[in-house]
Amino acid sequence: DGGKKLVVDSNKTGRLTMAIAGSEEYTRDADGDVRERTDITENWPHILAEQSAGHTISASAQNLYMEIDYEITKCVSLVNREKYPINAELNAAQFQWFITLTDINPQSESYNDSMWFGFSMFDTRALGKTPAGMAAYDGGKEDSTGLFIYMPSLEQVANNASSEATIPSSVVNKRCKVRFDILPFIKSGLKIARQQGALTGATVDNLRIGSTNIGWELPGNYDVEAEIYEMNMYEVY
């Protein structure tokens, strides 16, 4: 549609351009002006690239990496901020990468239950900085999954001996790279999830990566674009 752009350059390394114009996606106000999202019950636009994975985490893996080379090439807002001040609780543009983790142990009390695991690379609420981590249940819109979400901050990733990340990451027109060994963080996330009542019987050696998605969420009215130069996920033994 007119508000979204997806470009795949198969002549390179699967380079992916993902753009979404909140100024086109959100309806105009009664005066015909570009407006901001002001109601917590209002859904928001997004553009995501998704893929099924179907991979059980290997017990012999020493590392499990999520790796990406990317750049946020545009982030602007056409909203009149005198008319619509930013509400940090309601308004943001976020660029994130997630995987699902599912308990596949038939003997577990949480058999077939899932959670989200991922990280935020860009968030307008942290411009010039690095987005904070998160541990909470998915909610806020009609199609929310209700699953538990665990997201370490890329600052934590950068400080991990087996990982690396460009920080600060929430910067426009800055080439960034992440090589994130997620195994130790999955263990931490699973412990927190269990404390919050999710995946109560799960263990890391019985987790399956079901799917992955990456892209933009716009609970705020922004026009944004990201270039993904290369991305990968792999185990090291």
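**Fold, burial and strand pairing in the predicted model**

Of the 237 residues of the chain, 47% count as buried, a value that, like those that follow, was computed from a predicted model. The secondary structure of the chain consists of three helices and 12 strands. The radius of gyration is 18 Å, which agrees with the value near 18 Å that a compact globule of 237 residues would have, and the C-alpha atoms, when taken along the principal axes, fill a box of roughly 60 × 40 × 30 Å. Where contacts between residues at least 6 apart in sequence are considered, 75% of them join residues at least 24 apart.

The accessible surface of the chain amounts to about 11,400 Å², and carbon and sulfur atoms account for 46% of this area. As regards charge, the chain carries 21 positive and 33 negative charges, and the mean positions of these two sets are 4 Å apart.

The pairing of the strands was examined next. In general, the strands of a sheet pair through backbone hydrogen bonds, in either the parallel or the antiparallel sense. In this model, six strands form an open sheet in the order 1-2-12-4-10-9, with antiparallel pairing. The edges of this sheet are strand 1 (4–9) and strand 9 (164–165), each of which pairs on one side only. Within the given order, strand 12 and strand 4 are neighbours, and strand 4, which spans residues 63–76, is joined to strand 12, which spans residues 223–236, by 13 bridges in the antiparallel sense. At one position of strand 4, I72 stands opposite A226 in strand 12.

A further set of pairings centres on strand 6, which comprises residues 114–123 and is mostly covered, 10 of its 10 residues being buried. Strand 5 (residues 94–103) pairs with strand 6 in the antiparallel sense over nine bridges, and the bridge partner of I99 in strand 6 is F117. Strand 6 is also joined to strand 8 (residues 148–151), in this case by three bridges and with the two strands running parallel; here W116 stands opposite I149 in strand 8. Strand 6 thus takes part in an antiparallel pairing with strand 5 and in a parallel pairing with strand 8, while the residues of strand 6 that have been named, F117 and W116, lie in a segment in which 10 of 10 residues are buried.

Note on methods:
Residues numbered from 1 in each chain as written. Predicted model: local features only at pLDDT ≥ 70, side-chain atom pairs only at ≥ 80, totals over all residues. Heavy atoms only, no water. Helix = DSSP H or I, 4+ residues; strand = E, 2+ residues; numbered from the N terminus. Rg over C-alpha atoms; globule rule 2.2 N^0.38 Å. Buried < 20%, exposed > 50% of the residue type's maximum accessible area, 1.4 Å probe, protein only. Contact = heavy atoms within 4.5 Å. Areas by Shrake-Rupley, 256 points an atom, 1.4 Å probe, with all protein chains shown as cover. Lys, Arg positive; Asp, Glu negative; His and termini not counted. Charge placed at Lys NZ, Arg CZ, Asp CG, Glu CD. Pairing = 2+ DSSP bridges.
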